[in-house]
Amino acid sequence: MADFDAIYQVVSLIPSGRVTSYGAIAGYLGSKGGARLVGWAMNASHGQASIPAHRVVNRNGVLTGKNFFGGNRMQELLEAEGLTIQNDQIQNFHSHFWDPSIELL
DNA sequence: GTGATGACTTGAG
DNA sequence: CCTCAAGCCATCA
């Protein structure tokens, strides 16, 4: 569970209007070779309001877990952050991408 | 302990 | 960017 805590920290450090990918977090932590674990952590943090899981998407910039958020909740949150979502996918995703291993340093 | 599942990633075509 | 296939790790049955 300690791994999940590290993921929670990184996700909670994501600035507003920014998004990151599971692989970026997994790569930053490096300890676990699986981006799936990040997704698992998100699933565990599902009830944590302090965890902006809506800012975490897959490498394609697609809101993979929007279904888990309960409808368009995730998209609405991201749009509220100033992002543009279309077809469950973040537009200009690369510009909004936030890499912990680079931005967090 | 084994097998199956999952909010994923990467490489090749 | 799309599709197919293989890999990785933790959790659950």
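Select Thr 20 in this predicted model and display the residues around it. Setting aside neighbours within four places in sequence, Thr 20 is in contact with Ile 14, Ile 25, Arg 55, Val 56, Val 57, Phe 97, Trp 98 and Pro 100. Thr 20 belongs to strand 1, which covers residues 20–21. Is Thr 20 buried or exposed? Its relative accessibility is 0%, so Thr 20 counts as buried.

Next, select Ala 24, a residue of helix 2. Ala 24 is likewise classed as buried because its relative accessibility is 11%, and buried means under 20%. Which residues does Ala 24 contact, apart from those within four places in sequence? They are Phe 97, Asp 99 and Pro 100. Phe 97 and Pro 100 also appear among the contacts of Thr 20. For a distance across the model, pick the C-alpha atoms of Ala 24 and Gln 86: they are separated by 22 Å, and the two residues are 62 apart along the chain.

Keep Phe 97 selected and add Phe 93. These two residues form an aromatic pair with an edge-to-face arrangement. The ring centres are 5.6 Å apart, and the angle between the planes is 70 degrees. How many aromatic pairs does the structure hold? It holds one. Phe 93 counts as buried because its relative accessibility is 13%.

Now move to helix 5, residues 73–80, and select Gln 75 within it. Gln 75 has a relative accessible area of 16% and is therefore buried. Leaving out residues up to four places away in sequence, Gln 75 touches Leu 63, Ile 85 and Asp 88.

Extend the selection to Met 74 and Leu 78, which together with Gln 75 are the buried residues of helix 5. Why do these residues lie on the same side of helix 5? They cover an arc of only 95 degrees around the axis, which places them on the same side. As a general point, an α-helix has 3.6 residues a turn, so residues three or four places apart point the same way. Turn the view to the face of helix 5 directed away from the buried side, where the exposed residues Arg 73 and Ala 80 are found. Against what do the buried residues of helix 5 pack? They pack against strand 2 (56–57), helix 4, strand 3 (85–86) and strand 4 (89–90). Just after helix 5, select Gly 82, which takes a positive phi of about 105 degrees.

Finally, display DNA strand B and the residues around it. There are 17 such residues, and those that come nearest are Tyr 22, Arg 36, Met 42, Arg 59 and Phe 68. Of the atoms of DNA strand B that come within 4 Å of the protein, sugar and phosphate account for 39%.

Colour the helices to see where this surface comes from. Helix 2 (22–29), helix 3 (35–44) and helix 4 (66–69) each supply at least two residues of the surface near DNA strand B. Helix 3 provides the largest share, with six residues. Sorted by class, the surface has seven nonpolar, eight polar and two charged residues.

Three residues deserve a closer view against the bases of DNA strand B:

- Trp 40: a polar side-chain atom lies 3.4 Å from a base nitrogen.
- Met 42: a backbone N or O atom lies 3.1 Å from a base nitrogen.
- Asn 43: a polar backbone atom is 3.2 Å from a base nitrogen.

Definitions and conventions. Residues are numbered from 1 along each chain as its sequence is written. Chains are lettered from A and ligands numbered from 1 in the order in which they are written. This is a predicted model: local features need pLDDT of at least 70, side-chain atom pairs count only at pLDDT 80 or more; totals for chains, interfaces and linings use all residues. Side-chain values use heavy atoms; hydrogens and water are left out. A residue is near a molecule or strand if one of its heavy atoms lies within 4 Å of it. A polar contact is a pair of N or O atoms within 3.5 Å; within protein, one must be able to donate a hydrogen and the other to accept it, and residues adjacent in sequence count only if both atoms are side-chain atoms. Helices (H or I, at least four residues) and strands (E, at least two) are DSSP runs, numbered from the N terminus. Ala, Val, Leu, Ile, Met, Phe, Trp, Tyr, Cys and Pro count as nonpolar, Asp, Glu, Lys and Arg as charged, and the others, Gly among them, as polar. Rings of Phe, Tyr and Trp (its six-membered ring) pair if their centres lie within 6.5 Å; planes under 30 degrees apart count as stacked, over 60 as edge-to-face and the rest as tilted. Buried means under 20% relative accessible area, exposed over 50%, partly exposed in between (1.4 Å probe, protein chains only). Contact means heavy atoms within 4.5 Å. The arc is that of the directions from the helix axis to the C-beta atoms.
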